Amino acid sequence: MYILAVTAVLVIVGLVVSWRLGKRARLREASLQESVEEEKELLRAIVDHTPESIAWKDSQHQLMGYNPAMMQRFTEAGVEPSIGAKVSDGASTDEIRRLTVAHEVMEAEVLNTGEPVAGTQLDYTTPSGRPMT
């Protein structure tokens, strides 16, 4: 009887300890997730409010996102961007399509070599006649 009582107490203590450890782990995970979300919000705020044009793509050159400054450049250039598609797919003219494809070729070079493409600039004129680089 004594052994049964001790065993029952040990099982109960083990369950309580296990439950508390699991609760601590869940709290740590929730805290970590909250920190990650805060960092993502901060990064998004920085990207959205920088005056520089920023767009990010996957390795297939498909658009994953962009900031408001980039959207303005897309609009001025006559491009209708679509998340999940190549920027060249949204080009309104053959000239813009040619330039966006040239950008994709440069991006591929960067991805393949890991080196920046320095000293290369693609100049073009928007459909409204404004020169852009």
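Tyr66 is partly exposed, with a relative accessible area of 21%. That value lies just outside the buried class because buried means under 20% relative accessible area. The structure is a predicted model, and Tyr66 belongs to the one aromatic pair that a search of the whole structure finds. The points below start from that pair and go on to the overall fold, the nonpolar core, two loop residues and the salt bridges.

**The aromatic pair**

- The partner of Tyr66 is Phe74, and the two rings meet edge-to-face, with 5.5 Å centre to centre and 85° between the planes.
- The arrangement counts as edge-to-face because the angle between the planes is over 60 degrees.
- Phe74 counts as buried, since its relative accessibility is 5%.
- Leaving aside residues up to four places away in sequence, Phe74 touches Tyr66 and also Leu63, Val79, Pro81 and Val87.

**Overall fold**

- The protein chain has three helices and four strands.
- Along the sequence these elements follow the pattern α-β-β-α-α-β-β.
- Helix H1 covers residues 2–49, helix H2 covers residues 68–77, and helix H3 covers 94–113.
- Strand S1 spans 55–57 and strand S2 spans 63–66.
- The chain has 133 residues, and 20% of them count as buried.
- Its accessible surface comes to about 9,800 Å², with 60% of that belonging to carbon and sulfur atoms.
- Taking contacts between residues at least 6 apart in sequence, 26% join residues at least 24 apart.

**The nonpolar core**

- In soluble globular proteins, nonpolar side chains tend to be buried together.
- Here the largest nonpolar core has eight residues: Leu63, Met70, Phe74, Ala77, Val79, Val87, Ala91 and Ile96.
- Helix H2 supplies the largest share of this core, with three residues.
- Phe74 is one of the core residues, and among the residues it touches are Leu63, Val79 and Val87.
- Tyr66 is partly exposed at 21%, so it cannot be part of a nonpolar core, which is a set of buried residues.

**Ser88, a buried residue in a loop**

- Ser88 is found in the loop between H2 and helix H3.
- With a relative accessibility of 7%, Ser88 counts as buried.
- The side chain of Ser88 makes a polar contact with the side chain of Glu104, at 3.1 Å.
- Ser88 also touches Arg97, Thr100 and Val101, when residues up to four places away in sequence are not counted.

**His61, a residue with positive phi**

- Most residues other than glycine have a negative phi.
- His61 is not a glycine, yet it has a positive phi of about 70°.
- This residue sits in the loop between strand S1 and strand S2.
- His61 is buried, because its relative accessible area is 11%.

**Salt bridges**

- Side chains of opposite charge can pair when their charged atoms come close.
- A search of the whole structure finds four salt bridges, and three of these are described here, one by one.
- The side chains of Lys57 and Glu107 form a salt bridge at 2.8 Å, N to O.
- This pair links distant parts of the chain, with Lys57 in strand S1 and Glu107 in helix H3, 50 residues apart.
- Lys57 is partly exposed at 26% relative accessibility, and Glu107 is partly exposed at 24%.
- Another salt bridge joins the side chains of Glu37 and Lys40, at 3.6 Å, N to O.
- Glu37 and Lys40 are three residues apart in helix H1, so about one helical turn separates them.
- Glu37 is partly exposed, with a relative accessible area of 31%, whereas Lys40 is exposed at 51%.
- Arg97 and Asp94 form a further salt bridge, in which the closest N and O atoms are 3.2 Å apart.
- Both Arg97 and Asp94 lie in helix H3, three residues apart, or about one turn of the helix.
- Arg97 is partly exposed at 33%, whereas Asp94 is exposed at 63%.
- Arg97 is also one of the residues that Ser88 touches.

Key. Residues numbered from 1 in each chain as written. Predicted model: local features only at pLDDT ≥ 70, side-chain atom pairs only at ≥ 80, totals over all residues. Heavy atoms only, no water. Core = buried A, V, L, I, M, F, W, Y, C linked by side-chain atoms within 4.5 Å. Buried < 20%, exposed > 50% of the residue type's maximum accessible area, 1.4 Å probe, protein only. Helix = DSSP H or I, 4+ residues; strand = E, 2+ residues; numbered from the N terminus. Contact = heavy atoms within 4.5 Å. Polar contact = N/O pair within 3.5 Å; in protein donor to acceptor, adjacent residues only side chain to side chain. Phe/Tyr/Trp six-rings, centres within 6.5 Å; stacked < 30°, edge-to-face > 60°. Areas by Shrake-Rupley, 256 points an atom, 1.4 Å probe, with all protein chains shown as cover.
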